[in-house]
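Thanks for coming. I will go through one structure today, starting with how its chains meet and then moving to the sheet and a single residue.

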2 protein chains.
Amino acid sequence: MTDFPPPGDKTALEGGAQITPRFNADGLIAAVATDVATGDVLMLAWMNAEALAETLRTGQATYWSRSRGELWRKGETSGHVQNVVELRMDCDQDAVWLKVEQTGAACHTGFRTCFYRAADEDGSLRLVETPPAGCGHDHA
Amino acid sequence: MTDFPPPGDKTALEGGAQITPRFNADGLIAAVATDVATGDVLMLAWMNAEALAETLRTGQATYWSRSRGELWRKGETSGHVQNVVELRMDCDQDAVWLKVEQTGAACHTGFRTCFYRAADEDGSLRLVETPPAGCGHDHA
């Protein structure tokens with residue numbers, strides 16, 4: 001299935017028993033992947049209808065690469081695949097939550113998660129994840 | 001601070017020690033809130049520069065309501081505030097992860113999380129969270 005049913009009204013969206021995704025003007029829906037073991041957010045990416053359908057069908061996280069303008073089978077080149085343990089929709093069906101088993105690093109930088117920096121009140125960022133070996137990041 | 005420095009190049013974005021958010025064409029950045037105790041994703045919402053700055057300054061999650069077109073101090077009317085324990089930026093600085101202490105329900109439906117339904121391979125949705133009392137949802 002790539003042709004999802006069109007979204008209904010608020011009641012249907014929130015109470016419905018069928019995925020009816022609300023894609024944005026670019027045909028995309030936000031997807032958050034978390035590590036099923038730790039609960040940590042690994043990445044936030046985007047899916048079009050094809051990516052969402054393929055993720056449901058294969059159980060492997062598939063996104064839409066906005067920069068490359070093509071389907072992005074996570075880990076296809078890096079081997080850092082995401083096995084989807086559970087896929088959830090939010091109340092108004094414009095966001096997806098994937099609980100995944102992550103092989104290797106989720107982030108292209110080599111960090112386990114894309115969210116490797118925490119912000120302080122003054123807007124400064126500090127590293128809160130272990131840097132990958134030889135990544136070249138010069139954080140203290 | 002509401003005026004964040006402009007985003008730099010890829011190296012600066014990924015290695016920088018300062019928040020330089022990449023807001024989208026609407027001036028917004030995606031924000032994922034997780035429950036600091038359970039790791040569960042509670043909601044995905046949006047922040048403009050003012051909301052991000054206020055969240056950093058106050059430690060209380062503040063978003064931009066796209067439907068109402070106004071700053072949305074989470075819990076201001078419902079009391080269901082989010083105390084921000086940690087705020088992280090992702091590699092290319094177009095997404096924020098908030099680890100929060102959630103008072104009450106995160107979702108306006110009364111569910112603890114907006115992601116109360118899991119999808120099966122055929123696109124059907126099933127309830128995976130405990131419904132709030134008297135919520136009117138007729139899931140089995």
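Let me start with the interface: 39 residues of chain A are in contact with 39 residues of chain B. Keep in mind that this is a predicted model.

Which elements make up the side of chain A that touches chain B? Helix 1 (10-15), strand 1, strand 2, helix 2 (49-58), strand 5 (82-89), strand 6 (95-102) and strand 7 (117-119) of chain A each supply at least two residues. Strand 5 of chain A gives the most, with four residues. By residue type, this side of chain A divides into 20 nonpolar, ten polar and nine charged.

Next, how the two copies are related. In general, two copies of a chain are related by a rotation about an axis and a shift along it. Here, a turn of 180° with a shift of 0.0 Å along the axis lays chain A on chain B, with an RMSD of 0.0 Å. That is the relation of a two-fold axis. The C-alpha of chain A nearest the axis belongs to A:Gly39, and it lies 2.1 Å from it. Also, 100% of the interface residues of chain A are interface residues in chain B too, so the copies meet through the same surface.

Now the sheet. It is an open sheet of six strands, in the order 2(A)-1(A)-6(A)-5(A)-7(B)-8(B), and the pairing is mixed. Its edge strands are strand 2 (41-47) of chain A and strand 8 (125-127) of chain B, each of which pairs on one side only. Neighbouring strands of the sheet are turned by 30° against each other on average, direction ignored.

As a reminder, strands of a sheet pair through backbone hydrogen bonds, either parallel or antiparallel. Two of the pairs are worth a look. Within chain A, strand 1 (residues 29-35) runs antiparallel to strand 2, and six bridges join them. In that pair, A:Ala31 stands opposite A:Ala45. Between the chains, strand 5 of chain A pairs with strand 7 (residues 117-119) of chain B, antiparallel, over two bridges. There, A:Met89 has B:Arg117 as its bridge partner.

One last residue: where is B:Ser124? It sits in the loop between strand 7 and strand 8 of chain B. B:Ser124 counts as partly exposed because 13 other C-beta atoms lie within 10 Å. Leaving out residues up to four places away in sequence, B:Ser124 touches A:Ala17 and A:Gln18. Its C-alpha is separated by 43 Å from that of B:Thr2, 122 residues apart along the chain.

Notes:
Residues are numbered from 1 along each chain as its sequence is written. Chains are lettered from A and ligands numbered from 1 in the order in which they are written. This is a predicted model: local features need pLDDT of at least 70, side-chain atom pairs count only at pLDDT 80 or more; totals for chains, interfaces and linings use all residues. Two strands pair if DSSP finds at least two bridges between them. Axes are lines fitted to C-alpha atoms, for helices over the stretch in contact, and angles run from 0 to 180 degrees between N-to-C directions. Two residues are in contact if their C-beta atoms, placed from the backbone, lie within 7 Å. Ala, Val, Leu, Ile, Met, Phe, Trp, Tyr, Cys and Pro count as nonpolar, Asp, Glu, Lys and Arg as charged, and the others, Gly among them, as polar. Copies are superposed by least squares on the C-alpha atoms of residues with pLDDT of at least 70 in both. A residue is buried if 20 or more other C-beta atoms lie within 10 Å of its own, exposed if 12 or fewer, and partly exposed in between; C-beta atoms are placed from the backbone.
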